[in-house]
Each structure stands twice: as C-alpha cells, then as structure tokens.
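Student: I have a model open on my screen and would like to talk through its hollow spaces and its ligand. Could you take me through them one step at a time?

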Amino acid sequence: MMDEILYVTRPDMPDLQEYVKYLERIWDSRWLTNNGPIHEAFESALCQYLGVKYLSLYSNATLALISAFKCLELSGEVITTPYSFVATSHALYWNGITPVFGDVDPIFGNLNPSYIERLITDRTSAILPVHVYGNPCPLAEIDSIARKYGLRVVYDAAHSFNVRIGGVPLVNFGDLSILSFHATKVFNTIEGGAIICKDEETKRKLDYFKNFGFENETSIVSPGINAKMNELQAAFGILQLDSIDLNIQKRSQIAQRYREQLKDIKGLRLIPELDHVQHNYSYFPIFVDASGINFNRDDLYEYLKINKVYSRRYFYPLISNIPTYKNLKSSEPQHLIVANSIAEQVLCLPIYSTLGLENVDRISKLIKDRFAGI
Ligand code: T4K
C-alpha cells in the first residue's frame, strides 16, 4: 500500500450531522452574524471551559492582536520576539508601532526576559511576548519588568488554548491574551480568535471595537474595525468543545510516542515537557544541530518530504529577517543569536488527533534512519 501524505496538521472536525442541525437553525432564523445567539452561547461556553471571566470572540487572532493594541491605545515601540509567526509583528505594523526584537531562550524559544530591560526606551509602551508552541513564557519576570517601567503586557497566546500553569489558565496572565482558532490550531472555528481580558469595561471596549465602535444603533463610541465571528463559525466552535479533551489526549499520546522514539539521538533536541504545566500538544518541534552530523535541518525537511511527510519550519525565517523588518536596528543578527540559531534548526513534525501512532512510528523511523546515516 502507498504511504499517505502526512501534513504537519489536519483540523479536527465536529460531527457533521450535529453541525447540520446548527445550520438548519441558522437557516430558519436567518441570523448570520453581529453577535447572534450562537455567538453569545459560544462565548459563555468558552469562558466556562477555559476558566476565564472575560473573553471577546474575534474573526481571527490577527485582527484580535491589532485590536488589542488599539484598545489599549499603545504606540511608539513594543518589545517582542522575532521567533513567531509574522502575524505577531504585523499586528504592531498595522498600529504604526515599531517592533523592537529581543533574543529568545535556547530551550523553549520564548522571549528572554534578561534582554528586555536594555531594549526599553522612553518610546516603549508594551511587551508582546509569545507562548511559542504553547510553552509558557517566564511570566513573573516579564510581569516584574512591566511593573517596574509601567509597561503593558499583551501575550500572543495563539498556541495556548487551554494551557494551564499550576492549574491557572495561561491566558489569564498579562493585560490581554490573544488566542487563535485557525484551522491549523488545537481548537478551531475554521478561522477565529479571542481576546481574554480582566474586567468588564475592557471587554465592552473590545466588543465595540470589533463592530466598528457601535454601542447601539446610533451611538458609535470609538473607532473600530469589522472583526466579528459569525454564527457558522460559532456553531463549529460550540461543537468542537465536545471533543476537545479527547483530541488533546490523543495529541498527548502522539507527543509521548515521539519522545520515546526520538530520545537520545545525537544532534537532535526536543523541548522538555514541564510537570507543572498542563500542555495542549499543539506542535511537536524538533531541533537539528548540524554541527556534529553531515546534514542539516533543511536536508531532513527535504528527506521527509520525498517520503511524503510534510513537516514545517515554524518559525523560519525569523520575523527580523523578512524585508518589512530587517532594516530595524534590533533586527541585526548579532543581537538575536539564539533566535537565528534555533530558526535554522527547527522542524515541526506532524501532530493532530487523527494522526495514528503507526504514522508517528513511520515518521520517527525515517528520522532515526537519517540520523543513523541509512
Ligand atoms: N500568532 C501566532 C503565534 C500564530 O502562530 C498565528 C497563526 C497568529 C498569531 C495568527 O493567527 P490567525 O490570524 O491565523 O488566527 C498557519 C496558519 O495559517 C496560522 O494561523 C498559524 N499561526 C501558522 C503557524 O500556521 P501556514 O501558512 O503554515 O498554513 P498552511 O495553509 O500552509 O497549513 C499548514 C498545513 O495544515 C497544510 O499543509 C495542511 C494543513 N491544513 C491547513 C488548512 C488551512 C489542513 O489540513 N486544512 C486546512 O484547512 O500558516
């Protein structure tokens, strides 16, 4: 039998018959968007599931990030990480804010707090760290720097659906946290996202902002944008909540199997799992250190590809090396040594609830063979 193509991810789908029931409801009501009843039900179900008090649904995480910075009225410079998906810095770009890149830690690839203070100027308004692959940033250090200098903290938590640290939802940290529900994420609403905030007033502001600033039919209280989640997406999301625990459990088994299969390979590094963190297994990154072996990450990427395994280089190229940002002072590679190094080493292996352990074994065998020089 021919091997099937294995993509880095495949979206979880809700039960089709159950979704059709929602579609019938939507057809009958002809209520499609603008805070419809399914949107409202999804928002409260999600708050309850995630253990958060205030959450505003958005049409995707990029618009949510852009809106977060607008709502907090941030400007000037924001300290962020170059090791992320481009949307993180693009959200600043759309706000006319200059990203200032700090280097990352070599284990998790998250913004390293020890570089933040030296990047602060009188134009700095906030810190925008990313919990890369759902691994928590050093929350206490970032919080203490932010307090010391009066900065806001907005976490790009796009990868962190239902990650908890010491039992506390990761999205409860910082002034705001942004989740992504894109098709490629652990939990998806096709496209979608949310902003988690700490008080009712901010929630109201975020709600107005995604709907052009409308408070009611005739009162437009602020500037705004159109970033609303529609009823079809919300219905998709409500149904996804039924299977999310099981899907994360399956991902956990896959991650466990990769760990068993890929341990102790010279030149191959994995990110450790943390005992006090409830992980969501959103990605399975490996890092290829080419110094002691005769091939590099890109060779392994191509080798897997010809064997029908479509891994992805998340996150390469570094944001600081793409044309929009590469001329910034903070983008100079000598300031971003760790980020440049891990961006050259990383490869995200397929992980999704329907992958099947036999496929994990197939991928692992290909990697082990390559490292053994077979
Ligand atoms: N911040 C961070 C840290 C992020 O990682 C992201 C998004 C954002 C912010 C912004 O969130 P959103 O505005 O998107 O809500 C993907 C996603 O498009 C992007 O959402 C995600 N991060 C990023 C890490 O990955 P691509 O360009 O790699 O996706 P694509 O289309 O190549 O898909 C990857 C694989 O997934 C495909 O080879 C097959 C599979 N796939 C994909 C889709 C879309 C499917 O099987 N079905 C599908 O419908 O960016």
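**Cavities, pocket and ligand**

Tutor: Let's begin with the second largest cavity, whose lining divides into four nonpolar residues, five polar ones and one charged. Do keep in mind that this is a predicted model.

Student: Happy to start there. Which residues line the second largest cavity?

Tutor: You have just met this lining by class: four nonpolar, five polar and one charged. The volume of the second largest cavity is about 30 Å³. The names to pick out on your screen are Ala158, His159, Ser160, Phe161, Ser180, Lys185, Val186, Phe187, Asn280 and Ser282.

Student: Thanks, I can find those. How many cavities of 30 Å³ or more does the structure hold?

Tutor: The largest cavity holds about 170 Å³ of space. The second largest has a volume of about 30 Å³. For cavities of 30 Å³ or more, the count in the structure is two.

Student: Let's move to the largest cavity. Which residues are the closest to its centre?

Tutor: By class, the lining of the largest cavity has nine nonpolar, four polar and two charged residues. Helix 7 (231–261) and strand 13 (284–288) are the elements that give two or more residues to this lining. Of the 15 lining residues, the closest to the centre are Asn135, Arg259, His279, Tyr283 and Pro285.

Student: Where does the largest cavity lie with respect to the domains, and why?

Tutor: Look at which domains supply the lining of the largest cavity. Domain 1 (16–240) gives residues to it, and so does domain 2 (243–371). The largest cavity therefore lies between domain 1 and domain 2.

Student: Now the largest pocket, please. Which helix gives the most to its lining?

Tutor: The largest pocket has a volume of about 400 Å³. The elements that give two or more residues to its lining are helix 3 (61–71) and helix 4 (87–93). With three residues, the one that gives the most is helix 3.

Student: Which residues lie nearest the centre of the largest pocket?

Tutor: The lining of the largest pocket divides into 12 nonpolar, 11 polar and three charged residues. Domain 1 and domain 2 both give residues to this lining, so the pocket lies between them. Of its 26 lining residues, those nearest the centre are Phe85, Ser180, His182, Thr184 and Lys185.

Student: On to the ligand. What share of its exposed area does the protein bury?

Tutor: Start with the side chains: a polar atom of Arg10 lies 2.8 Å from an oxygen atom of the ligand, and a polar atom of His159 lies 2.8 Å from a ligand oxygen. Asp156 places a polar side-chain atom 2.7 Å from a nitrogen atom of the ligand. Taken alone, the ligand exposes 930 Å², and the share that the protein buries is 77%.

Student: Which residues are the closest to the ligand?

Tutor: His159, which we met in the lining of the second largest cavity, belongs to this group too. In total, 25 residues surround the ligand. The closest of them are Thr62, Asp156, His159, Arg312 and Tyr314.

Student: Tyr314 caught my eye in the backbone. What is omega for the cis peptide bond that joins Tyr314 and Phe315?

Tutor: Most peptide bonds are trans. Phe315 is found in the loop between strand 14 (309–310) and helix 9 (337–345), and Pro317 is in the loop between these elements as well. The bond from Tyr316 to Pro317 is cis, with omega near -5°. For the cis bond that joins Tyr314 and Phe315, omega is about 20°.

Student: One last backbone question. What is phi of Asn34?

Tutor: Most residues other than glycine have a negative phi. Asn34 is found in the loop between helix 1 (16–29) and helix 2 (37–50). Its phi is positive, with a value near 60°.

Note on methods:
Residues numbered from 1 in each chain as written. Predicted model: local features only at pLDDT ≥ 70, side-chain atom pairs only at ≥ 80, totals over all residues. Heavy atoms only, no water. 1 Å grid on protein atoms, 1.4 Å probe; cavity = no way out; pocket = protein on both sides within 12 Å on 5 of 7 lines; lining within 4 Å. Points joined across faces, edges and corners; volume = space filled by probe spheres on them. Helix = DSSP H or I, 4+ residues; strand = E, 2+ residues; numbered from the N terminus. Nonpolar A, V, L, I, M, F, W, Y, C, P; charged D, E, K, R; others polar. Domains from an automatic or database assignment. Near = heavy atom within 4 Å. Polar contact = N/O pair within 3.5 Å; in protein donor to acceptor, adjacent residues only side chain to side chain. Areas by Shrake-Rupley, 256 points an atom, 1.4 Å probe, with all protein chains shown as cover.
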